[in-house]
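Have the structure open while you read, and we'll walk through it together. The tour starts with one ground rule, then goes from the chains down to single residues.

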Amino acid sequence: MLDQLTLLGSGLLSTFDPLNFSMILIGLFIGVLAGALPGITMLNAIVLVLPFTYLMGIVPSLLLMTSVYCGGVFGGSITGILFNIPGDPMNVPTTWEGYQLNKKGFVSKALGMAIMCSAIGGFISAVIMTVASPLFAKVALTFSTCEYFAVVFLGLASVVVIGTRSIGSAFISLFIGMLLGTVGMDEIYGTPRFTFGSRIMETGISFTTVLIGIFAIGEVLDQLSVKGKQAIIGRLRPKTTLPSLKDLWNLRNTILRGLGIGVTIGAIPGAGATVASFISYGVEKQVSKHPEKFGTGVWEGLAASETAINGSTGGAMIPLLTLGIPGSGATAVMMGAFLLHGIQPGPLLFAKSPESVYTIFAGMLVCNLIMILAGLVTAKFFSELMRVPEDMLSAFIISFCLLGAFALRNDITDVWFMVIFGIIGYFMRRYDIPSAPMILGLILGPLAERYFMTSIISSGNDFTIFFCRPMSGTIMVISIGLLIMPFIRGLIKRGMKKPEAA
Amino acid sequence: MTPDAPEKMKNRYSRLKIKPMMGPLLIFIASVYLYVLTGSMDENPMPGQMGPAFWPRVILILLMASCVIKALESYLVFGKGLADIGVESAPPEVSVLKLIGMIILVLAVVPGMEILGFALANFLFLILFMRIAGMRKMPSLIVTSLLGTVFLLYLFGKVVYLPLPKGNWIFNDLTIFIYRLLYII
């Protein structure tokens, strides 16, 4: 424990190193900006800053990315409250209540409440992450390839089940991603797969190019191709008033529930802030004495959603840092940053470079505190920024993407891949095929193959090995339960509808 | 109503019913083709081992099954109202010409970077993209693109030290000239 506190202390000191601290400030600014501007998501912003991290050390790189992450999940609520335009899908519940509060004349207080709840959620989840991650990592060190496969399988299963409207589309997206992950030289047998004789394909398809293409280019094409889209021009110049301690005390149960939901959902691979935000809002509505008032400007709704969104950030970092398994698009890019610097996230990270890990923890703690200040100062500024033409912004985003993809290996082939996946990403959006399962399939697929094949080879082709060990067996059963849950739910729904129809 | 109207309606209905299944069907066919390709990976399989084709084959079988699930879903939800299937509103209308223009431009900028070099290709790309996207004032387009390109050149060429593509033939010399002019090299 003392070691951990010492490491956290040195992490805090390292956070206030001029370069690291400026990375936090820049990251927060970029994150809040990206979150606030409709059409640019927090994930786009993390992808866009990735090429800038090539020349930095691992610590400033990760501080930059984590602060973009923390700022980005909060930023979308500003435009949601001010203009009824959520910056990201996760900010939709905030917008439902926040904009109504704005119309009732509580704009300053609504902004302040959003900032405070975000900061509380983010800060406490960072504390939980700091305490829980080393314990998780210790447990993870006892894992064999069977347990790793089971965890990756759980990640793949939850990606499909949570937050998608069509199970078929989610499965298709996931398996296409996993199939893309098999392109290149096979790790175990050294055989080229789906390379079509091309040497470039032998190194495989980098998930970063796919990620940049799908999330940035696809998004830009989707936003700009809509007919008759009006530019958003706001004339509002709001002030921000932080809530009093009494206000926060009155919402203590809501904040605690939001935090619990945020951290738990965030830690589940594939779930993320959007799911956390909607579930937290839904739960709050269920437990409320006046559920009918939700949607008309209720403080509980706003607080629940905002706390859960930022609460999920700390939770999402736990599987990444302790198991090397990214649970969301944002943490997947961060994993890319780790790998670019030659560091493999996972339980050994705590033994090999504890300084880096604890600086990230400290960075997240500091970041969430600074966010209160940033939120107070920037709300006025962001209402002005809404006037920047989207056309101009989008053109520059594509330029950044071209450079980002090229910078990966200084190879134009990566730019080709990025552009092609960008166009594919656009059509996936258009035809309502979720892209997140594909990305996670591409990342988790090779991991799943590695752990599966190693386990099977070492057990002499015994497929029951995953169910024979207590930990992996339990996780596998949970995963299978998750996979069959939608079908059972569908059958129950149908069963309930039939008597009604009769 | 003409006598063959019910027949026409029936045909149209059948076509509409088949349309959402086209995507899964195409993916299914592609999966079958790729499954056949996996045969070449296992030329000399080690006895008692699954071989390099095992994992892709499992994925392809699961992908084919997913296509069947999706096709069934499309078939079952066909004819129901949007609200019944959880869609709040129809997707917004798309400007096809604008979309095609943007896609062509995004595709063209990649060989453009190789041939013209990043500096020139990006400058032209920014002007054309913003124009297609809807910006009208030519002077501001040119100034924004020029300043933006110079900014990116400094940022990636001077700060990040990324060896940006310089182009071929005369464009290589032109890019070097631009870099010298801007004190990038």
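## Ground rule and confidence

A residue is buried if 20 or more other C-beta atoms lie within 10 Å of its own, exposed if 12 or fewer, and partly exposed in between. Trp169(B) makes a handy test case: it has 9 C-beta neighbours inside 10 Å, so it counts as exposed.

Keep in mind that this is a predicted model. For chain A the mean pLDDT is 77, with 86% of the residues at 70 or more. Residues 230-235 of chain A are a weak patch, with pLDDT below 50, although the model still gives this stretch 12 contacts beyond near neighbours in sequence. Where pLDDT is low, the predicted coordinates should not be read in detail.

## The two chains

Chain A has 502 residues, and 61% of them count as buried. Its elements come to 22 helices and 2 strands. If you take the contacts in chain A with a separation of 6 or more, 79% are between residues 24 or more positions apart.

What about chain B? It has 185 residues, of which 26% count as buried. There are 6 helices and 0 strands in chain B, so to speak an α-α-α-α-α-α run from the N terminus on. Among its contacts between residues at least 6 apart in sequence, 59% join residues at least 24 apart.

## Where the chains meet

The contact between the chains takes 50 residues from chain A and 50 residues from chain B. On the chain B side, the elements giving two or more residues are H1 (5-37), H2 (54-77), H3 (96-116), H4 (118-133) and H5 (138-159). Which helix supplies the largest share of that side? That's H2(B), with 11 residues.

As for chemistry, the side of chain B that touches chain A divides into 35 nonpolar, 10 polar and 5 charged residues.

## Two buried helices in chain A

Start with H5(A), residues 92-103. Its 12 residues should span 16 Å at 1.5 Å a residue, and the end C-alpha atoms are indeed 16 Å apart. Because 10 of the 12 residues are buried, H5(A) is largely enclosed by the rest of the structure. Among the buried ones are Trp96(A), Glu97(A), Tyr99(A) and Gln100(A). Just past the helix, Gly105(A) takes a positive phi of about 100°.

Now look at H15(A), residues 329-340. With 12 residues at 1.5 Å each step, the expected span is 16 Å, and the end C-alpha atoms sit 17 Å apart, which agrees. Here too, 10 of the 12 residues are buried, so H15(A) is largely enclosed by the rest of the structure. The buried set includes Val333(A), Met334(A), Met335(A) and Phe338(A). H15(A) is followed by Gly342(A), whose phi is positive, near 75°.

## How H5(A) packs on H14(A)

What does H5(A) lean on? One partner is H14(A), residues 299-323: the two helices pack at an angle of about 140°, with their axes 8 Å apart. Their crossing is left-handed.

From H5(A), the residues involved are Pro93(A), Thr94(A), Trp96(A), Glu97(A), Gly98(A) and Leu101(A), and they meet Gly301(A), Leu302(A), Ser305(A) and Glu306(A) of H14(A). By type, this contact divides into 4 nonpolar, 4 polar and 2 charged residues. A general point helps in reading such lists: an α-helix has 3.6 residues a turn, so residues three or four places apart point the same way.

## Single residues worth a click

Two residues have a positive phi without being glycine. In Asn461(A), phi is near 60°. This residue is found in the loop between H20 (436-458) and H21 (465-468) of chain A, and it counts as exposed because it has 10 C-beta neighbours inside 10 Å. In Trp169(B), our test case from the start, phi is about 45°; Trp169(B) is found in H6 (residues 169-181) of chain B.

Last stop: Thr474(A), which lies in H22 (residues 470-501) of chain A. It has 13 other C-beta atoms within 10 Å, so it is partly exposed. Its C-alpha atom is separated by 9.6 Å from that of Glu147(A), a residue 327 positions away along the chain.

Technical notes
Residues numbered from 1 in each chain as written. Chains lettered and ligands numbered in written order. Predicted model: local features only at pLDDT ≥ 70, side-chain atom pairs only at ≥ 80, totals over all residues. pLDDT = per-residue confidence, 0-100. Contact = placed C-beta atoms within 7 Å. Helix = DSSP H or I, 4+ residues; strand = E, 2+ residues; numbered from the N terminus. Nonpolar A, V, L, I, M, F, W, Y, C, P; charged D, E, K, R; others polar. Expected span 1.5 Å × (residues − 1). Axes fitted to C-alpha atoms, helices over the stretch in contact; angles between N-to-C directions. Left-handed = near helix turned anticlockwise from the far one by under 90°.
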